[in-house]
Every structure is written in structure tokens, then in C-alpha cells.
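This report covers one protein chain, starting with a pair of helices. Have the model open as you read.

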Amino acid sequence: MSNNQSTETLEDNGSFFVVFSGRAVELEFKVGNSGLNEFDFAAVSTKKEEFVKGLVALIVEEADDGNLQAASKIAGLIADYYERDVVVLDAQLNHTDTLVGEIHFIDGDTFEERHQKAQEILDGCLRPGTTKFLH
């Protein structure tokens with residue numbers, strides 16, 4: 001959810017696109033329903049940044065394995081953390097099982113506009129020869 005949206009839209013759906021080599025998956029979630037705002041990072045030894053990196057790796061694994069329901073829940077956590085309702089993750093696991101990725105945050109005045117811009121980013125991610133995106 002972008003900062004210019006009102007709190008009345010907290011129940012809106014969001015979209016989180018995960019791009020793998022040659023394909024993309026769209027995950028949907030309810031904006032603001034992840035429970036992240038109730039999580040006390042000070043009470044755990046994991047730093048916030050490491051926690052988010054772990055979530056990104058988990059979403060890639062779950063989506064790649066076809067477990068889209070679990071991946072969608074994780075997508076909601078990441079989107080709520082970054083306060084965005086449309087996110088594109090261009091990710092890949094390299095031969096050492098290290099996750100390499102780029103998160104593209106999509107801005108725009110309406111969800112439809114952000115969703116359309118995400119489609120354009122997806123097109124670029126899926127055709128890497130024409131862009132400077134990861135793949």
C-alpha cells in the first residue's frame with residue numbers, strides 16, 4: 001500500500017509477482033492482514049533485514065514448488081513490510097543455492113495503474129535481452 005492511500009483501503013487485495021527464469025507467478029493477498037504490525041522484532045535475535053531476506057527466500061521456494069497459498073501469505077508479509085500493494089520479485093537460485101534477486105516496487109495512483117506497470121516490468125524480466133533486469 002502506498003503512503004498516499006487512505007486506511008479505508010486496508011482490506012484491498014494486493015498482487016505480488018514472482019518472476020522465475022522464463023515464467024512468472026502472481027500471488028494475491030489482503031493488504032494489511034499479515035499480522036506484521038504485531039511482530040516484535042526487538043524480542044527476537046534476528047535482525048529485521050535478515051528476517052525479510054528469509055521471507056524472500058521462502059516465497060521463492062514455496063512458489064517454485066507450487067504451494068501458492070503459502071507463498072501468497074508470505075507475499076502479504078513482505079508487501080506489508082514495505083507498505084506496497086504491488087511488488088515484482090525477479091529472483092533466481094544460483095548453483096550454490098544462494099538466492100539472487102531484485103525487488104521492483106511499483107508506484108501509481110490506482111491499483112489498476114500499479115498492476116499494469118507491474119505487467120510491463122514482468123515483460124522486461126521475462127525478456128532479459130532487452131532490459132537490464134536480473135535474468
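Helix α1 passes α2 in a left-handed crossing. Left-handed here means that the near helix is turned anticlockwise from the far one by less than a right angle (clockwise would be right-handed). The contact involves K48, V52, L55, V56, L58, I59, E62 and A63 of α1, and L68, A70, A71, I74, A75, L77, I78, Y81 and Y82 of α2. Contact means heavy atoms within 4.5 Å. The axes of α1 (residues 48-64) and α2 (residues 68-82) come within 9 Å and cross at roughly 150°. That makes α1 roughly antiparallel to α2, a term for angles over 145 degrees. Axes are lines fitted to C-alpha atoms over the stretch in contact, with angles from 0 to 180 degrees between N-to-C directions.

This is a predicted model: local features need pLDDT of at least 70 and side-chain atom pairs pLDDT 80 or more, while totals for chains, interfaces and linings use all residues. Residues are numbered from 1 along each chain as its sequence is written, and side-chain values use heavy atoms, without hydrogens and water.

The chain has three helices and four strands. Along the sequence they follow the pattern β-β-α-α-β-β-α. Helices (H or I, at least four residues) and strands (E, at least two) are DSSP runs, numbered from the N terminus.

Two helices can be checked for length. The expected span is 1.5 Å times one less than the number of residues.

| Helix | Length | Expected span | End C-alpha distance |
|---|---|---|---|
| α2 | 15 residues | 21 Å | 21 Å |
| α3 (111-126) | 16 residues | 22 Å | 22 Å |

For α2, the two values agree. For α3, they agree as well.

Which residues of α2 are buried? They are A71, S72, I74, A75, G76, I78, A79 and D80. Buried means under 20% relative accessible area, exposed over 50%, and partly exposed in between (1.4 Å probe, protein chains only). The buried residues of α2 pack against β1 (13-20), β2 (23-30) and α1. In α3, the buried residues are R114, H115, A118, I121, L122, G124 and C125.

E83 comes just after α2, with a positive phi of about 55°. It lies in the loop between α2 and β3 (86-93). E83 is partly exposed, because its relative accessible area is 44%. E83 and V31 are 52 residues apart in sequence, yet 8.7 Å apart in space, C-alpha to C-alpha.

Of the 135 residues of the chain, 35% count as buried. Among contacts with a separation of 6 or more, 55% join residues 24 or more positions apart.

Definitions and conventions: Angles under 35 degrees count as roughly parallel, over 145 as roughly antiparallel, 65 to 115 as roughly perpendicular and the rest as oblique.
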